[in-house]
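Please open the model in your viewer and keep the selection panel at hand. The tour moves from the contact between two chains to the fold of one of them.

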Amino acid sequence: MKNFKVLGSGCKKCATTADLISAKAADLGIDIEIEKVTDMGAIMGYGVMSTPGVVLNEAVVHSGSIPTPKSIEDWIKS
Amino acid sequence: MFEIFTKLADWSTYSVLGLTPKTHLAEAVHFFVEDVTKIFFLLVLVIFAIGLFRSMLTPERVRKVVAGRSRAVSYPMAVGLGAVTPFCSCSSVPLFIGFLEAGIPLGVTMAFLIASPMINEVAVVVLAAAVGWKIAVLYVVAGLTVGILGGLAIEFFKLEKWVEEYVWKIRMGETVLQQGATTLKQRVDYAWGQVKEIFGRIWIYVLIGVGIGAALHGFVPQEFFLKYASADNLLAVPSAVLVGIPLYSNATGVIPIVEALLSKGVPIGTVLALMMSVAAISLPEMIILRKVLKPQLIATFIGILFVAFITVGYLFNALLT
C-alpha cells in the first residue's frame with residue numbers, strides 16, 4: 001500500500017492537501033495510508049523548506065504549494 | 001490609461017444608480033466602483049505577468065544563492081529576494097530554520113522575513129496606479145532599507161541567544177530542489193494558478209480596504225485630517241504606526257485607504273508609515289514565528305520595526321512637504 005506523508009506546520013494549505021489526496025484515493029477506489037507530519041525537525045529532515053510538502057513512500061515528490069489534482073492522481077496510480 | 005474605470009464609475013453611479021453628483025454618497029460610490037474595478041483588473045494582470053517570471057524562483061534556490069556570501073552581498077540580496085520570492089506565511093518557520101541551518105546569519109534571515117511581507121509586486125503596482133510611480137518607488141526603497149537596517153540591528157545586538165535552542169539542533173536532509181517550470185505551458189499554468197490563489201486570498205481585503213477608503217473619501221471632511229494628521233502634529237506618525245499594528249491586511253488591501261488619506265491632505269510619510277505597519281507587523285505572523293523565536297526576540301523585532309516605520313514617516317514628511 002502506498003504511504004503518503006503531508007509535511008506542514010498545520011496551516012490551512014497543508015490540511016487541504018491531505019484532504020485532496022484522501023478524496024482522490026477514495027474516488028479511485030485505491031487504499032492508501034496518509035499521515036500529517038507537523039514536527040519541524042522531521043519536516044526539515046526531508047529537506048523541505050516550503051510547505052505543504054508531499055512525501056510518497058519516503059521520497060519527497062512535491063513542496064511549496066497545494067498540488068494539482070493531476071499530480072495527485074499520478075502519485076496514487078504510480 | 002485608467003480613464004475607462006472612471007467612465008465605468010461615472011456610468012454606474014450617475015446613470016444606473018441615478019445618484020446626484022457632488023453628494024457624499026455619490027462620491028463614495030464613485031470611489032468604490034472605480035477603485036474596485038481598477039484594482040481587480042490590475043491584480044489579475046500583474047500577478048499573471050510576475051507569475052511567469054517567478055515560476056523559477058523558490059525559497060530553496062534563494063537559500064542556496066544567499067548562503068556563504070559576504071554581508072555586503074547577502075543583506076541586499078536577502079531583502080531583494082525576500083520581496084519577490086513566493087512563500088506562504090506558514091512556511092516562515094521551515095524557511096527560517098532552513099536559512100540558519102545553511103549558515104546564513106540570523107540578521108540576514110530576519111532581513112529576508114522583514115522585507116518579504118512589506119514589499120510585494122502587487123502592492124507596488126497598485127500603489128503606483130493609485131498615487132504615482134514616485135511614491136511607489138519611495139515605498140520600495142524605504143522597505144528594502146528597513147529590512148537591511150532591521151537585520152543589521154539584530155546582528156549587532158547578537159540576538160542569536162533568543163532563538164529557541166532546538167532550532168540550532170535541527171539538521172536538514174538533502175534539499176530537494178523543486179524542478180522549476182521549464183516549458184511555456186508550465187509557466188502559464190503556474191502563473192494562472194498564482195492568479196487564482198492570490199486573488200482568492202486577497203479580494204476580500206481589497207473590498208474592505210476600498211470600502212473604508214470610499215467612506216473616508218465621501219463622508220469624512222478634509223478639515224478632520226488637517227487638524228489631527230498634518231505634518232505639524234508630531235504624534236501623527238507614531239499614532240499611524242500604532243493603529244496599523246492590530247490591523248492586519250496585506251499591503252494591497254491598505255492602498256485604497258492610503259489613496260483616500262492622501263487625497264484628504266494627510267502627509268505622505270504618515271501614510272507610508274501606516275501602510276508598512278499594517279503589512280509587516282501582523283499578529284498571526286508573530287504567533288507563527290513564536291515557534292522559533294523567544295518572546296524577547298519577537299518583542300525586539302516589533303520594536304525595531306516600530307522605530308524604523310516612525311523614522312520613515314518623519315523622514316518622508318520632512319523631505320516631501
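A salt bridge is taken here as a side-chain nitrogen of Lys or Arg within 4 Å of a carboxyl oxygen of Asp or Glu. With that cut-off, the count between chain A and chain B is one salt bridge, and everything in this tour refers to a predicted model.

**Stop 1: the pair across the chains.** Select A:Lys13 and B:Glu197, which form a salt bridge whose closest N and O atoms are 3.3 Å apart. Over all chains the count by this rule comes to eleven salt bridges. Because B:Glu197 lies in helix H10 (residues 184-219) of chain B and A:Lys13 lies in helix H1 of chain A, this pair joins two chains.

**Stop 2: the interface.** Now widen the selection to the residues of each chain that touch the other, which gives 17 residues of chain A in contact with 23 residues of chain B. Between them the two chains bury about 1600 Å², and 62% of this area is on carbon and sulfur atoms. Which three residues of chain A supply more of the area that it buries against chain B than any other three? Select A:Met40, A:Met44 and A:Met49, which together supply 43% of that area.

For the polar side of the interface, look for the three residue pairs in polar contact between chain A and chain B, counted with both residues at pLDDT 80 or more. On chain A, helix H2 (40-45) and strand S4 (59-63) each supply at least two residues of the side that touches chain B. Coloured by class, this side of chain A has eight nonpolar, eight polar and one charged residues.

**Stop 3: the sheet of chain A.** Hide chain B and select the strands of chain A, four of which form an open sheet in the order S2-S1-S3-S4, with mixed pairing. Strand S2 (32-37) and S4 of chain A are the edge strands, each of them pairing on one side only. From one strand to the next, the twist averages 20 degrees.

Strand S1 (residues 2-7) of chain A pairs with S2(A) in the parallel sense over six bridges, and a place to look at this pairing is A:Asn3, which stands opposite A:Glu33 in S2(A). Then add helix H1 (residues 12-28) of chain A, which lies across S1, S2 and strand S3 (53-56) of chain A and runs at about 175 degrees to S2(A).

**Stop 4: the hairpin.** Turn next to S3(A) and S4(A), which pair in the antiparallel sense over four bridges. Selecting A:Val55 will lead you to A:Val60, its bridge partner in S4(A). The two strands S3(A) and S4(A) form a hairpin with two residues between them. Is the phi of A:Asn57, in the turn, positive or negative? A:Asn57 has a positive phi of about 45 degrees although it is not a glycine.

**Stop 5: a cis peptide bond.** Finish at A:Thr51 and A:Pro52, which are joined by a cis peptide bond with an omega of about -5 degrees. A:Pro52 is placed in the loop between H2 and S3 of chain A.

How values were computed: Residues numbered from 1 in each chain as written. Chains lettered and ligands numbered in written order. Predicted model: local features only at pLDDT ≥ 70, side-chain atom pairs only at ≥ 80, totals over all residues. Heavy atoms only, no water. Contact = heavy atoms within 4.5 Å. Buried area = accessible area lost by both parts, 1.4 Å probe. Polar contact = N/O pair within 3.5 Å; in protein donor to acceptor, adjacent residues only side chain to side chain. Nonpolar A, V, L, I, M, F, W, Y, C, P; charged D, E, K, R; others polar. Pairing = 2+ DSSP bridges. Axes fitted to C-alpha atoms, helices over the stretch in contact; angles between N-to-C directions.
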